[in-house]
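Subject: Structure handover

Hello,

Here is the structure I promised to pass on. Please open it alongside this email.

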Amino acid sequence: MSAWRLAEDDPAPQTGPTTGSTGPLGGRPERPRTGARRILVVAAVVLLTLVGAGGFAAARTGMFAERPDGCAKPDRTIQLYAVELPKDGTQIRLGYGLTPETASYPGPLMEMMEGECLAITLHNQVSEATLAALRTDPAHPLGVSLHVHGVKYTQDSDGTVQSGSYVPSGGSRTYTWYAQPRNNKTGAQGTAGYWWYHDHVVGGPHGTQGLSSGLFGGLVVRRPGDPKPDRSYTVVFGDRQNINLRRGAATDTCTEVNPQPGPSCLVARKGERVEFVVVGVGNDMHTFHLHGHSWADTRTGMVSNGQPFADSVPIIDNKTLGPGDSFGLSVVAGDSVGPGHWMLHCHMQFHSDAGMSTMLHVLDENGNMPPGMDHQHTTAGAAAAPAADGGTHQHN
Ligand SMILES: [Cu+2]
């Protein structure tokens, strides 16, 4: 277990405090070498010997701090469920939900304030049989995890097989996220921004099958003064020209009477501030384009907490998105342009032509869909998707 050691750790005993070198496994700064430390190493070796190979993952987990520095104890706790959802054709679909009944893909939007420490207990309700069906290597363990971008977490909350931080079927595990605030003394930049979370275990060591099955969601970390949206939508662009794992007609299931906001129904009233959390997954590049609206290319999607317009900030209506990228924006729905069915699509032409296109439906102030516009599945993608797919279902 001691193969990992920086060269600078090896020479003569140091005196006084160390300055940033890390010990084995890259943990806390290494202390001066003393007899006490040797005893600790011996104790660790004895412990590992005692627990044997079967308990290795658990022993490793215990070696990591449970929470990041600055997070003495969680400010808030959340229960999160990983469940199996109805298949899309032959495609297995999984989702995260705050309850098993409300699981979806994307999962629920997580919101934090900078400085907050959040404990999320993940309950894995996905059967071993389903996880085995998604597995690409029979030696790979069966489980589900929660891995997050942008905020701070220890290896205990990394959500990977190698750190032992995943959840077998029927089990639970608590992950701790810390929205570290900006610190001008240390130079820490803070964690406010638009991020995302996802499984990192299903199918293989990178959770590729968990991602392609639906185990992902958005995260926003706010600072005081950030714009408060009236509505938030998570829009995930993925492989095979999908938006939220749907393509063509399936991206837009809004009904004209009483449309229900959700992953495949982006709807708002004119004048509402609508926030989009945009995420790229898979292997393809995309560009996110929204008709009729533009935003500032900043952390919040606004110029800056209501300060005067600054020419140094680009105002855009189209933004490139690579795998793993995430950004956020907020627009005032229908501002100046009025109610209508505003296209939201990838601007890589062969992607949009294949069905990577949906609508932001902006209703009038009374919540009525503008009359005289047949928005239903009139895009070229709706017709092209089944042909490209060779079937009627919208696979990712
Ligand atoms: Cu695209």
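Below is what turned up in it, starting with how far to trust the coordinates.

**Confidence**

Please note that this is a predicted model. The chain averages a pLDDT of 83, and 76% of the residues score at least 70. Two stretches fall under 50. One is residues 39-61, with 10 contacts beyond four places in sequence. The other is residues 377-396, with 47 such contacts. Where pLDDT is low, the predicted coordinates should not be read in detail.

**The copper site**

Which residues hold the copper ion? His286 and His351 each coordinate the copper ion through ND1, and Cys346 does so through SG. The distances run from 2.0 to 2.1 Å. Along the sequence, the spacing of these donors reads H-x59-C-x4-H. His286 belongs to strand 13 (residues 286-290) and His351 to helix 5 (residues 349-353), so this pair ties together parts that lie 65 residues apart in sequence. Both His286 and His351 are buried.

**Aromatic residues**

Strand 13 comes up again here. The model has seven aromatic pairs. Take Phe288 and Phe327: their ring centres are 6.0 Å apart and their planes meet at 85 degrees, so the pair counts as edge-to-face. This pair also links distant parts of the chain, with Phe288 in strand 13 and Phe327 in strand 17 (residues 326-332), 39 residues apart. Are these two residues buried or exposed? Phe288 is buried, and Phe327 is too. Both belong to an aromatic cluster together with Tyr233, Phe237, Phe276 and Trp295.

Phe327 has a charged partner as well. Lys319 lies over the face of its ring, 5.1 Å from the ring centre. Elsewhere, the charged end of Arg93 sits over the ring of Tyr105, at 5.5 Å from the centre.

**Strand 3**

Strand 3 covers residues 110-113 and has two faces. Met110 and Met112 make up the covered face. Glu111 and Met113 make up the uncovered face. Which way does strand 3 pair with strand 8, parallel or antiparallel? The two strands run parallel, with four bridges between strand 3 and strand 8 (residues 216-222). Met113, from the uncovered face, stands opposite Arg222 of strand 8.

**Where to look**

Start at His286 in strand 13, a copper donor. Then go to Phe288 in that strand and follow its ring to Phe327 in strand 17. From Phe327, Lys319 can be found over the ring face.

Best wishes

Key:
Residues numbered from 1 in each chain as written. Predicted model: local features only at pLDDT ≥ 70, side-chain atom pairs only at ≥ 80, totals over all residues. Heavy atoms only, no water. pLDDT = per-residue confidence, 0-100. Contact = heavy atoms within 4.5 Å. Donors = N, O, S within 2.8 Å, 3.2 Å for Na, K, Ca; no water. Buried < 20%, exposed > 50% of the residue type's maximum accessible area, 1.4 Å probe, protein only. Phe/Tyr/Trp six-rings, centres within 6.5 Å; stacked < 30°, edge-to-face > 60°. Lys NZ or Arg CZ within 6 Å of the ring centre and 35° of its normal. Pairing = 2+ DSSP bridges.
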